[in-house]
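Visitor: I should like to take a close look at the cysteines of this protein. Please guide me through their pairing and their surroundings.

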Amino acid sequence: MLKTSGASLRVPGHEPVTESVADLLAHEQPHDYKSSSLSVGAGVAGCKVPQIEVPENDGRPAWNSKLQYILAQVGFSVGLGNVWRFPYLCQKNGGGAYLVPYFILLLLIGIPLFFLELAVGQKIRRGSLGVWNYVCPRLGGIGISSLMVCGFVGLYYNVIIGWSIFYFFQSFQQPLPWSECPIRRNGTLAIVEPECEKSSATTYFWYRQTLNTTSTIAESGGLNVKMTLSLLVAWIIVCLAVIKGIASSGKVMYFSSLFPYVVLFCFLVRGLMLKGSVDGIAHMFTPKLEKMLEPQVWREAATQVFFALGLGFGGVIAFSSYNKIDNNCHFDAVLVSFINFLTSILATLVVFAVLGFKANIMNEKCVTENSEKILGYLNSNVLSHDLIPLHVNFSHMTTSDYAEMYGVIKTVKEGSFAELGLDQCLLEDELNKSVQGTGLAFIAFTEAMTHFPGSPFWSVMFFFMLINLGLGSMIGTMTGITTPVLDAYKVKKEYLTVGCCVVAFFCGLLFVQRSGNYFVTMFDDYSAGLPLTVVVILENISVAWIYGTKRFMQDLEDMLGFRPYSFYFYMWKYVSPLCLIVLITATVIEMAISPPGYNAWIEELAQERFQSYPPWALAMCFALIFVAMLPLPVVFIARHFNLMSDGSNKLSVSYRKTMMKDMSSLETPDESHFILAKPGEAPPPLPIHRALLAPGGNKPLDPNSLSPKSCYGTGYQNAAISPTTPTTPESDS
């Protein structure tokens, strides 16, 4: 046990027992938990470490049902990225061919690491701070970094929910307010708003009437009142959803996790009935196999797998910590991972069915406009009527007729064709216009919905779906923040939740300035990517290489009742760390070669233009990375030199009760007789655990062949020790 632990298990001797144990025993009632056990292993500097097998009724809150827990994990992992990021990556990286690297990396990185987080949370039954303090105190900074990243992401993620809330309430209008450009009146003269005419009605509504954005990040422009109120509503909703912990959030998840699927299926059925939807889906799933050879495709697939499952945020660990100790978390990991994958495919079908419909409309519009140009050239004798095929009807121009006419004119007027200003109007070009993120949700998709019959209804459904998708992810993010704090400190849950939401709202005012959209982009690019990747690889290393994969596999067998496949042993030990190292290297290289900047909306041009960050904003970008990763080296150094507590003395009340209940199950009628034994009295025998098994499952490990580690969790060891065996730790290298 580490020096600052509040309880220790000693053989009888002349040294007095620690006061904290005596105090705890004095306030505890004896209990009998036959399944509990207590074993002794070696810890840092040879100190003895108690093994705590946590009983189910340890006073910790629990999910009302397995369905509620699964929906919570699905709601956290399935978020806005499944709707507006995955379809874009498919379109960009080879269509159906992109699914191959994504699925391979889901098996190599996603499921094993998701299973790892579920398992450690369920076994130790604490949030991210407590879990990594107990697995390896020197790497306790993992939990702090995870908590800080959750904070950064929650700040801007809820702003997106605020945008969706604004659009949701704006959708109760007929026609939709973004369906037409506004008219500017000057006396008797009425003209279309120039900024809107240069772009489009949906683009103008987004940049001017919703965000009222400035042209640079350096120009604040003051608070946007509409967005500030929307953000306030978003935080009130999140606060009400998580204020009672899983007691309230679990009930919310029944609706927020299931309703998006209802909307997606409705949109899929409606989309398939629209003209051109099949073109969009066919374009989406036509594989471009040559793309699979590009390293960039694999890097983006790995990043998407990583973020799609919510790895490293702490929400996965927090949710699983409320499970029963014998819950089959392996089944949960596989189930949630495949639900996430299938949801991404479903969302991609919906998006491209709707975008295929939109592409057909835009292509027909292009044909109509260019046909009018050609008709004007014919009337002004710029073009000869002999160039027009006889079967062409200008009043009912089809895309095939226009393509034939375009080809003839281009061939005959080869020298002066560019002066005519005719567009080719290819459907493929419209389908290749890739959009992601806010551009997909608030511009492209909203524009397509204006052409739907009953467009307000579909708009209300769409943005209500986005609100629920975002809410599910925010509940997981907030749980990843509040659960570790509640485990470590005696704070009233309601006060902590309200306090976090109030502080987050005022910090979030940065994102509801007129330039706030640019800060959302900054935080999205820099606050989570690299820090979370580092957090997850340290999680993997601390379990697989410091705690020991063989010991962890044995713990899983004790917990689940069956031994996980050896596949996971090799994934955790070798493959996943290697993949994460490659991903970190590729991310750093990408950040180094890509100029840091943002797409600014230029009002005069009514277009987006890439702009580099000014020096202060660039410093802010790297400060986000630095601050999120700073706890990792600070905690390591501080605990290496004994400058701070190892965290083991910050047991939650329920965790302390659990440890005392475990002690009470030993074969002695009096706990104090065992702990406070007089010199010369022999202690009762410790329970004998079966030997640790290698991945093969039959050959026991030789305790003498294994060397002690420098980092052991004070509550997470399963060493096999008999009464006659010296207290030597068992570990794998």
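How many disulfides does the count come to?

Guide: The model is a predicted one, and the count comes to two disulfides, taking sulfur atoms within 2.5 Å as the rule.

One disulfide joins C181 to C196, with an S to S distance of 1.9 Å. The torsion about this S-S bond is -80°, and the link of C181 and C196 is left-handed. The pair connects distant parts of the chain, 15 residues apart: C181 lies in the loop between α7 (141-170) and β3 (183-186), while C196 belongs to helix α8 (residues 194-198). The two ends can also be described by their accessibility. C181 counts as partly exposed because its relative accessibility is 24%, whereas C196, at 1%, counts as buried.

The other disulfide is formed by C366 and C425, whose sulfur atoms are 1.9 Å apart. The torsion about the S-S bond of C366 and C425 is about -75°, so this disulfide is left-handed. Here too distant parts of the chain are linked, with C366 in helix α15 (residues 329-379) and C425 in the loop between α17 (417-420) and α18 (427-431), 59 residues apart. C366 has a relative accessibility of 15% and therefore counts as buried; C425, at 12%, counts as buried as well.

C501, by contrast, is in no disulfide: the nearest cysteine sulfur, that of C239, is 3.9 Å away, and the cut-off for a disulfide is 2.5 Å. C501 counts as buried because its relative accessibility is 4%. A further cysteine, C150, has a relative accessibility of 0% and so counts as buried.

Key
Residues numbered from 1 in each chain as written. Predicted model: local features only at pLDDT ≥ 70, side-chain atom pairs only at ≥ 80, totals over all residues. Heavy atoms only, no water. Helix = DSSP H or I, 4+ residues; strand = E, 2+ residues; numbered from the N terminus. Buried < 20%, exposed > 50% of the residue type's maximum accessible area, 1.4 Å probe, protein only.
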